[in-house]
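Me: Please take a close look at one part of this model and describe it for someone used to working from coordinates. I would like the geometry, the contacts and the surroundings in one connected account.

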Amino acid sequence: MADRVLRVCALYPDLMNIYADRGNITVLERRCAWRGIGFELAGATVGDDIDPDVHDLFYIGGGQDRDQALCARDLADRKREALHAAAGRGAVVFAVCGGYQLLGHGYELDGERLPGASLVDLETVREPGERLIGNVAIEIDLPGGPPVLAGFENHGGRTYLGEGTTALGSVIRGFGNNGRDGREGVRGGPHGTVVGTYIHGPLLPKNTAFADWLTATALGVDPSSLSPLDDELEAAAHRAARRAAGV
Ligand code: GLN
C-alpha cells in the first residue's frame, strides 16, 4: 500500500463540470499513480454532507449559471461550515470558473443573488456587456510553483476581490477576474490553500507544475519533494497554450 494518499473530494461533479474540467482530476490521479502516491476520489453533490477531516483537496469545476443556481444554496447552507473547517486545517479548496465564483460571498445575476461559501472575500456580478472569452496567461507567485499559467477563459460574471485579498496572479494576456484590474483568480484562506481561477481548458493538463503544487500543498509537503516525471508532452501543451495567448 502507498504510504502517502491524496484524498480528493469533487463537489457537485454532476453539475459543475463544464469544458471537461473533470480532466483536472484525472491529471491529479495519474500523477499520483505515476509517483506511487495513493489516490482516493469521493464526490458530494446537492444534499450530501461533507467531512472536513477526511479529504486533503476539495475540487469545484466550472458551470453554467443555471447549474450554479442548483448548487449555490446547498454550498452555502450545507457545506460551508465543513469547507471553512477544512481550509482552517490547511486542506486545499481549488475551484475553477463557476466554482471559483461560488468561493466568494455571492454571484449577482438577473436581479438574483446566488450565495457563496465566503471562503474568500470576493463578489461576482453579471454586468451588462460581452462575455469574457479567450486564451489567457497569468504570472503567478507560489512557493515552489510555476511562474506562468496558461489556458482559456469564458465567463459572463466579473469578479472583484475585497481589499487585502490576494489574487492568484496578474494577467499577462486575457481578461482575468473582470477585464479591468489586471488580476486573475484568488488565493486565500487561513493557510493560503483556498485557490480559485477562471482558467479552464482544462487547466491542469497544460500546467502540470501547478497540479504538482496543489498536490504537494494538499499533502503538506514541498513541491520539490515530489519525484520528477517525464513531462515532455505536457510541457509542449503548456507552450502551445502560452503561444495561443501570445506569450
Ligand atoms: N456561469 C458563469 C459565468 O458565465 C461561469 C461560467 C463557467 O464556468 N465557464 O460567469
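What follows starts from the contact of α1 with α4 and then moves outward to the sheets.

Reply: This is a predicted model, in which local features need pLDDT of at least 70 and side-chain atom pairs count only at pLDDT 80 or more, while totals for chains, interfaces and linings use all residues. Residues are numbered from 1 along each chain as its sequence is written, and side-chain values use heavy atoms, with hydrogens and water left out.

The axes of α1 and α4 come within 10 Å and cross at roughly 75 degrees (axes are lines fitted to C-alpha atoms, for helices over the stretch in contact, with angles from 0 to 180 degrees between N-to-C directions). The two helices are therefore roughly perpendicular to each other, the word used from 65 to 115 degrees. On the α1 side the contact (heavy atoms within 4.5 Å) is made by Val27, Leu28, Arg31, Cys32 and Arg35, and on the α4 side by Thr208, Ala211, Asp212 and Thr215. Sorted by class, this contact of α1 with α4 has 4 nonpolar, 2 polar and 3 charged residues, where Ala, Val, Leu, Ile, Met, Phe, Trp, Tyr, Cys and Pro count as nonpolar, Asp, Glu, Lys and Arg as charged, and the others, Gly among them, as polar.

Two of the charged residues in this contact, Asp212 and Arg35, have side chains that meet in a salt bridge at 2.9 Å, N to O (a side-chain nitrogen of Lys or Arg within 4 Å of a carboxyl oxygen of Asp or Glu). This pair links distant parts of the chain, since Asp212 lies in helix α4 (residues 208–219) and Arg35 in helix α1 (residues 22–35), 177 residues apart; helices (H or I, at least four residues) and strands (E, at least two) are DSSP runs numbered from the N terminus. Asp212 and Arg35 are both buried (buried is under 20% relative accessible area, exposed over 50%, partly exposed in between, with a 1.4 Å probe and protein chains only). The salt bridges also form a network here, in which Arg31, Arg35, Asp212 and Asp231 are linked.

Elsewhere in the structure, which holds 14 salt bridges, the settings of such pairs can be set beside this one. The side chains of Glu29 and Arg30 meet in a salt bridge at 3.2 Å, N to O; Glu29 is partly exposed, with a relative accessible area of 25%, and Arg30 is also partly exposed, at 35%. Arg73 forms a salt bridge with Asp77, with 3.6 Å between the closest N and O atoms, and both residues are exposed. Arg73 and Asp77 sit 4 residues apart in helix α2 (residues 65–88), about one turn of the helix.

Helix α4 also leads to a sheet, for α4 lies across β1 (5–11), β3, β4, β13 and β14 (194–197), and runs at about 150 degrees to β4. These strands belong to an open sheet of 6 strands with mixed pairing, in the order β2-β1-β3-β4-β14-β13 (strands pair if DSSP finds at least two bridges between them). At the edges stand β2 (38–44) and β13 (186–188), each with a single partner strand, so one side of each is left without a neighbour in the sheet. Neighbouring strands of this sheet are turned by 15 degrees against each other on average, direction ignored.

Within that order, strand β3 (residues 57–60) and β4 pair in the parallel sense over 4 bridges; Leu57 stands opposite Val92, and Ile60 stands opposite Ala95. Strand β4 is mostly covered, 5 of its 5 residues being buried. Val92, Phe94 and Val96 point one way from β4, whereas Val93 and Ala95 point the other way, and all are buried.

Next to β4 comes a backbone detail, as Cys97 is placed in the loop between β4 (92–96) and α3 (98–101). Most residues other than glycine have a negative phi. Cys97, although not a glycine, has a positive phi of about 50 degrees, and at 5% relative accessibility Cys97 counts as buried. Asp110, in the loop between β5 (106–109) and β6 (112–115), likewise has a positive phi, near 45 degrees, but Asp110 is exposed, with a relative accessible area of 75%.

Terms used
Parallel < 35°, antiparallel > 145°, perpendicular 65-115°, else oblique.
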